[in-house]
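Colleague: Could you walk me through this structure, step by step?
Modeller: Gladly! Let's have a look together.

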Amino acid sequence: MSSTPANLASTYVRLRPDVTCEQLPVDASFWERIASGQLGSFHNEYLVTLHSFKAAWPMWEMHPNGDEVVCLLSGSVIFILEQSGGNKEMILNKPGDYALVPKGTWHTATTSVEAVMLFITAGEGTEHRPV
């Protein structure tokens, strides 16, 4: 183990089913490698990531194989869950506020200020579609 701390902005974490962790360095090809299966299938695994954004997400996403935890670290976000009968909006505006996204639920977010969020995602089979 290194004596230097890692940072989620540059090194994501894979949570494995055997309760071990793997650090995954992030570079320009990270999402291409994950989408192509070069980093494995993420079957029964979670990916821990950190993202910063200043505007609405351009996509909806959905995780068919597990729930997701999305936690606000700074800023303010309207987190939107697609539900029959209408979308459910959750305002996350205090550090530590989080949304639990049930397996199979389409979701997106919008903000007008810079926001930083922590994601714990069951990534296997993740799907995207434009907003």
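Modeller: Please keep in mind that this is a predicted model.

Colleague: Is Tyr 12 buried or exposed?
Modeller: Buried means under 20% relative accessible area. Tyr 12 has 4% relative accessibility, so the residue counts as buried.

Colleague: Which residue forms a tilted aromatic pair with Tyr 12?
Modeller: Follow the chain from Tyr 12 in strand S1 (residues 11-15) to helix H1 (residues 30-35), where the partner lies 19 residues apart from Tyr 12. The ring centres are 6.0 Å apart, with 50 degrees between the planes. The partner is partly exposed at 43% relative accessibility. The residue you are after is Trp 31.

Colleague: And what kind of aromatic pair do Phe 30 and Trp 31 form?
Modeller: Phe 30 is buried, with a relative accessible area of 0%. Its ring centre lies 5.0 Å from that of Trp 31, with 90 degrees between the planes. Planes over 60 degrees apart count as edge-to-face, so this pair is edge-to-face.

Colleague: How many disulfides are there?
Modeller: A disulfide needs two cysteine sulfur atoms within 2.5 Å. The sulfur of Cys 21 is 17 Å from the closest cysteine sulfur, in Cys 71, so a bond is ruled out by distance. Cys 21 counts as exposed at 54%, while Cys 71 is buried at 15%. The number of disulfides is zero.

Colleague: Which ring does the charged end of Arg 14 sit over?
Modeller: Look for a ring whose centre is 4.2 Å from that charged end. The ring belongs to Phe 42.

Note on methods:
Residues are numbered from 1 along each chain as its sequence is written. This is a predicted model: local features need pLDDT of at least 70, side-chain atom pairs count only at pLDDT 80 or more; totals for chains, interfaces and linings use all residues. Side-chain values use heavy atoms; hydrogens and water are left out. Buried means under 20% relative accessible area, exposed over 50%, partly exposed in between (1.4 Å probe, protein chains only). Rings of Phe, Tyr and Trp (its six-membered ring) pair if their centres lie within 6.5 Å; planes under 30 degrees apart count as stacked, over 60 as edge-to-face and the rest as tilted. Helices (H or I, at least four residues) and strands (E, at least two) are DSSP runs, numbered from the N terminus. A charge sits over a ring if NZ of Lys or CZ of Arg is within 6 Å of the ring centre and within 35 degrees of the ring normal.
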